[in-house]
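Please look at the sequence and the model below. This report goes through selected strands, sheets and helices, then a single side chain.

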Amino acid sequence: MNHRVLILSTSAGSGHKSAAAALEKVFQRSPQVEELVNLDALERTNELYRAFYSDLYLRLVQERPQLVGWWYQASDEPWKTDTFRLLFDRINADPLTRFIREFRPTITVCTHFMPAGIVAQLLAEDAIDTRLAIVTTDYDFHSMWLSPRFNRYFVALEETKVHLMALGLPEDRITVSGIPVDPAFEAPINRDDVLAHYHLQPDLPVILVSAGAAGIGPAREAVQQIMNIQTPSQVIVVCGKNEELREELIELVAPQAKRFRVLGFTDDMPSLMKIATILIGKPGGLTSSEAMAAGLPMVIIAPIPGQEERNSDHLLEEGVALRCNQMTTLAYKVDRLLQNPERLARMRENTRNIGRPDAARVIVDTLLHEVNEPVVIEEPPSIRILPFRINLADLFDPPLADDDRFTIVDALSGELIDEVTGKEMRVLFDNLEIESTTDADFYINRDTLALLADRGASPHLIDVLQRALGNRDECDIRWRRQ
């Protein structure tokens, strides 16, 4: 059977489109594909809606990342139908709906939940006859990706499959494929040729720094730190489409110009990742999956709260990454890793457990060789979701300032212990559990003090907490903003 294939992504971040492009390349190889369209679904919506989905997301990521994380956590409720969102999507995507009807795809692949929701609604109305495949683009799974109608889900990890089965999806319709990356990651390279092309020495480690496709990550701060690395090494910095950043970095690294190669947007990431020793960057779903496909360990910096934090958790759990929480320690951490070849080798070996350079091929082969009826989830199970962790510091109005003053009292006796600064309170907010926006208590014990000291708490804050504990092994303290 010849197929009419429609791939739908969105430009809310670059990963969804990159996954779609990888699938397009593999579909194009098949004689079973009669016609193929790879479409950014936002191109078939109105201008305001496009700005809402794409521009607003990027602005929030840059200016209010904690708000993005809060929304991500708060909205992760399985099978809770957001009628307003679905209606909002449908009204603003009417041109997309018309296109889908007119194109009449036999296979529809969605790498973003927005077009997947629209296709599922068209299936419910019997307006189209297509096999809907949903390809997730992060290691973790957010409830926004759930669809009551589909033919197959493709996910990154076995753990994700277990989660979806618990949410009521049939086991035989969930494929652990990995996240689709460019098929070039499957092809071997001539390492010597690539090194020669970039004028790199074969006997020195290669540090690859990625600012992402848009070039909006903390690349400047990272490069400033990397210039302090003591281990002999050479550095490639990829600035994406941010030419202003590239020019700034070329000027910044001028004193060490022989060590650095500062690039703009490049299609050569498969080769660069395969020659690199470590990757420094944010753990976006596609960046992470490309690194794993290339067998490249990561040093994670500045993950976006929400999906990138969850990606980071999976990478750390698999032993393929380190996380640098303070940019000031980046050079120290990279030096330690480069000077420990046994650990670096273990990390590279561990990438085999999570790396899937064949993901796009697995997805395409599966879709072209199966025939099945859509799954319809009519009565999803009731699932209890653990309460998400709130960082109350991000919800302060006015925003929390370093020189703010807080009183600390014993929650049991009400006795005043001392005052601490806003900077000291942020350490508590960042490391201790808060269960609601009205929670003004912290539970502490001896282990808490050791943890906070290890994570940069000031001697004064440790002393205040020590006095609060007194001779007790544990206690609750209450705080109040002055």
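Thr407 stands opposite Arg480 in strand β18. The model behind this pairing is predicted. Thr407 belongs to a longer match: strand β15 (residues 405-410) and strand β18 (residues 474-481) are joined by 5 bridges and run antiparallel. Strand β18 also pairs with strand β17 (residues 441-445), again in the antiparallel sense and over 5 bridges. There, Phe442 has Ile477 of β18 as its bridge partner.

**The antiparallel sheet**

These strands sit in an open sheet of 4 strands. The order is β16-β15-β18-β17, and the pairing is antiparallel. At the edges are β16 (416-421) and β17, each of which pairs on one side only. From one strand to the next, the twist averages 30°.

Helix α17 packs on this sheet. So does helix α19. The table lists what each helix touches and how its direction relates to that of β16.

| Helix | Residues | Strands touched | Angle with β16 |
|---|---|---|---|
| α17 | 422-431 | β15, β16, β17 and β18 | about 100° |
| α19 | 459-469 | β15, β16, β17 and β18 | about 160° |

**Asp441 in the edge strand**

Asp441 is found in strand β17. Is Asp441 buried or exposed? Its relative accessibility is 24%, so Asp441 counts as partly exposed. The cut-off for buried is under 20%, and exposed means over 50%.

Leaving aside residues up to four places away in sequence, Asp441 touches Ile477, Arg478 and Trp479. With Arg478 there is a polar contact, side chain to side chain, at 2.9 Å. Asp410 lies 31 residues from Asp441 in sequence. In space, their C-alpha atoms are 9.6 Å apart.

**The parallel sheet**

A second topic is an open sheet of 6 strands. Its order is β10-β9-β8-β11-β12-β13, with parallel pairing. Strands β10 and β13 (321-324) stand at the edges with a single partner strand each, so one side of each has no neighbour in the sheet. Neighbouring strands here are turned by 15° against each other on average, direction ignored.

One pairing in this sheet can be followed residue by residue. Strand β8 (residues 206-210) runs parallel to β9, and 5 bridges join them. Within this pair, Val209 stands opposite Val237 in β9.

Strands of a sheet pair through backbone hydrogen bonds, in either the parallel or the antiparallel sense. In a regular strand, side chains alternate between the two faces of the sheet.

**Helix α10**

Helix α10 spans residues 243-252. Which residues of α10 are buried? They include Leu245, Leu249 and Leu252. These leucines lie on the same side of α10, because they cover an arc of only 55° around the axis. The face turned away from the buried side carries Glu244 and Glu251, which are exposed.

What covers the buried residues of α10? The cover includes α9 (219-226), β9 (234-238) and β10 (260-263). Strands β9 and β10 also appear in the order of the 6-stranded parallel sheet.

The start of α10 has a contact of its own. A side-chain oxygen of Asn242 reaches to within 3.3 Å of the backbone nitrogen of Glu244. Glu244 is also one of the exposed residues on the face turned away from the buried side of α10.

Terms used. Residues are numbered from 1 along each chain as its sequence is written. This is a predicted model: local features need pLDDT of at least 70, side-chain atom pairs count only at pLDDT 80 or more; totals for chains, interfaces and linings use all residues. Side-chain values use heavy atoms; hydrogens and water are left out. Two strands pair if DSSP finds at least two bridges between them. Helices (H or I, at least four residues) and strands (E, at least two) are DSSP runs, numbered from the N terminus. Axes are lines fitted to C-alpha atoms, for helices over the stretch in contact, and angles run from 0 to 180 degrees between N-to-C directions. Contact means heavy atoms within 4.5 Å. Buried means under 20% relative accessible area, exposed over 50%, partly exposed in between (1.4 Å probe, protein chains only). The arc is that of the directions from the helix axis to the C-beta atoms. A polar contact is a pair of N or O atoms within 3.5 Å; within protein, one must be able to donate a hydrogen and the other to accept it, and residues adjacent in sequence count only if both atoms are side-chain atoms.
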